[in-house]
There are 2 protein chains.
Amino acid sequence: MNIGQAATATGLSAKMIRHYEQSGLLQPTQRSEAGYRQYQPKDIEILKFIRRARVLGFSLADIVGLLALWQNPQRSNTVVKQVAQQHLAEVELKLQELHAMKQTLQQMIAQCAADGGAHCAILQHLAKPTRS
Amino acid sequence: MNIGQAATATGLSAKMIRHYEQSGLLQPTQRSEAGYRQYQPKDIEILKFIRRARVLGFSLADIVGLLALWQNPQRSNTVVKQVAQQHLAEVELKLQELHAMKQTLQQMIAQCAADGGAHCAILQHLAKPTRS
DNA sequence: CTTGACCTTGCCATGATGGTAAGGTTCATA
DNA sequence: TATGAACCTTACCATCATGGCAAGGTCAAG
């Protein structure tokens, strides 16, 4: 299986698969005589694992750790849970920040007449916020 | 007013103030004989405007436009509102993505015993999700 | 005159991803 | 058999906002 097929099979881009290899997420695979990377079913499973973890927002650094735990029969699920909880906390923090942005943006937009005039509540708020 | 004082007065870093100047957000200021940037009250207001817009998540490219509108007496609030609405849409999109992440992470974490054993619902989910 | 706090420019790094360029390989078809 | 399309390789640059560091100039107080 060449890298293009591995990309199709996993939903990743060939570019990213090479990047994951170079970043140490993935052991360098076998190569064909011509130097093409060859992917075995096991490699595909690892790539799918990476993709699912990326969808959940885990960083590549986190995923290095999760993969090591996954492949370690002596692992402790306590450690895995800690990694996930730490990431969840970061996600929740970003959610709060974005929510605050959304609230303020909605208020500003609601106060803007959009009648083509020069008076603008949005610019007023940015220039001298009445509430923060 | 030197750049350090301007930074303190606006809550920005000196580094970023220089960056904003180089990025065209800010007209190059006057310089002292020694080449130190000199900030007038008007410059401080612009910097505060930039900071508030950054807090709301506007990109530097957006802020270039917002500053131009702010300083243009012939502006149309319709345009300003469009910029803000576009940005709000992006914020809402990211909120949705993060919310989906949070939901899945919470479910996975709830199913993890964290008893120090090797069995782990989190790794199971990443390896072969039962639901997505 | 020295010292410490400030300023200058310039370069490199982050993190995940995309793009492009220059070149080699493989395979099907004309 | 030759050619071209579709694939692969590596290497470099760009994104975006921000931080860090280094080497050097400036200023004010002691």
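Reader: Which helix gives the largest share of the surface near DNA strand D?

Author: In this predicted model, that element is helix 2 of chain B, which contributes four residues to the surface near DNA strand D. Helix 1 (3-10) and helix 2 (14-22) of chain A, as well as helix 2 (14-22) of chain B, each provide at least two residues of that surface.

Reader: What makes a residue one of those that surround DNA strand D, and which are the closest?

Author: The criterion is a heavy atom within 4 Å of the strand. In total 19 residues surround DNA strand D, and the closest are G4(A), R18(A), K15(B), Y36(B) and L60(B). By class, the surface near DNA strand D comprises seven nonpolar, six polar and six charged residues.

Reader: Which parts of DNA strand D lie within 4 Å of the protein?

Author: Sugar or phosphate provides 70% of the atoms of DNA strand D within 4 Å of the protein, and bases provide the rest.

Reader: Why is the approach of G4(A) to a phosphate oxygen of DNA strand D called a polar contact?

Author: The cut-off for a pair of N or O atoms is 3.5 Å. A backbone N or O atom of G4(A) is 2.5 Å from a phosphate oxygen of DNA strand D, and the pair therefore qualifies as a polar contact. L60(B) also presents a polar backbone atom, 2.7 Å from a phosphate oxygen of DNA strand D.

Reader: Which residue has a side-chain N or O atom 2.7 Å from a base nitrogen of DNA strand D?

Author: That residue is Y36(B). With 2.7 Å set against the limit of 3.5 Å, this pair is therefore a polar contact as well.

Reader: Which residues come nearest to DNA strand C?

Author: K15(A), Y20(A), Y36(A), G4(B) and R18(B) come nearest, out of 19 residues around DNA strand C. Of the atoms of DNA strand C that come within 4 Å of the protein, 68% are accounted for by sugar and phosphate. Helix 2 of chain A gives the most to the surface near DNA strand C, with four residues. That surface divides into seven nonpolar, six polar and six charged residues.

Reader: What makes the pairing of R18(B) with DNA strand C a polar contact?

Author: A polar side-chain atom of R18(B) lies 2.8 Å from a phosphate oxygen of DNA strand C, and that distance is within 3.5 Å, so the pair counts. A polar side-chain atom of R37(B) is likewise 2.8 Å from a phosphate oxygen of DNA strand C. For L60(A), a polar backbone atom is 2.8 Å from a phosphate oxygen of DNA strand C.

Reader: How many residues of chain A are in contact with chain B?

Author: Chain A places 51 residues in contact with 51 residues of chain B. The area buried between the two chains is about 4,400 Å², and carbon and sulfur atoms give 74% of that area. N77(A), L123(A) and L126(A) supply 16% of the area that chain A buries against chain B, more than any other three residues.

Reader: How many salt bridges and how many residue pairs in polar contact are there between chain A and chain B?

Author: The number of salt bridges between chain A and chain B is zero, whereas 20 residue pairs are in polar contact there. On the side of chain A that touches chain B, helix 5 of chain A gives the most, with 21 residues. The residues of that side comprise 29 nonpolar, 13 polar and nine charged.

Reader: Why is the relation between chain A and chain B that of a two-fold axis?

Author: Chain A can be laid on chain B by a turn of 180 degrees and a shift of 0.0 Å along the axis, with an RMSD of 0.1 Å. Those values describe a two-fold axis. L95(A) is the residue of chain A that comes closest to the rotation axis, with its C-alpha at 3.1 Å.

Reader: How do you know which surface the copies meet through?

Author: Of the interface residues of chain A, 100% are also interface residues in chain B, so the copies meet through the same surface.

Reader: Why is the pair R31(A) and E21(A) called a salt bridge?

Author: The closest N and O atoms of R31(A) and E21(A) are 3.8 Å apart, and the cut-off is 4 Å, so the pair qualifies. R31(A) belongs to strand 1 (residues 30-31) of chain A and E21(A) to helix 2 of chain A, so the pair ties together parts that are ten residues apart in sequence. Over all chains, the whole structure holds four salt bridges.

Conventions:
Residues numbered from 1 in each chain as written. Chains lettered and ligands numbered in written order. Predicted model: local features only at pLDDT ≥ 70, side-chain atom pairs only at ≥ 80, totals over all residues. Heavy atoms only, no water. Polar contact = N/O pair within 3.5 Å; in protein donor to acceptor, adjacent residues only side chain to side chain. Nonpolar A, V, L, I, M, F, W, Y, C, P; charged D, E, K, R; others polar. Contact = heavy atoms within 4.5 Å. Buried area = accessible area lost by both parts, 1.4 Å probe. Salt bridge = Lys/Arg side-chain N within 4 Å of Asp/Glu carboxyl O. Least-squares fit on C-alpha atoms with pLDDT ≥ 70 in both.
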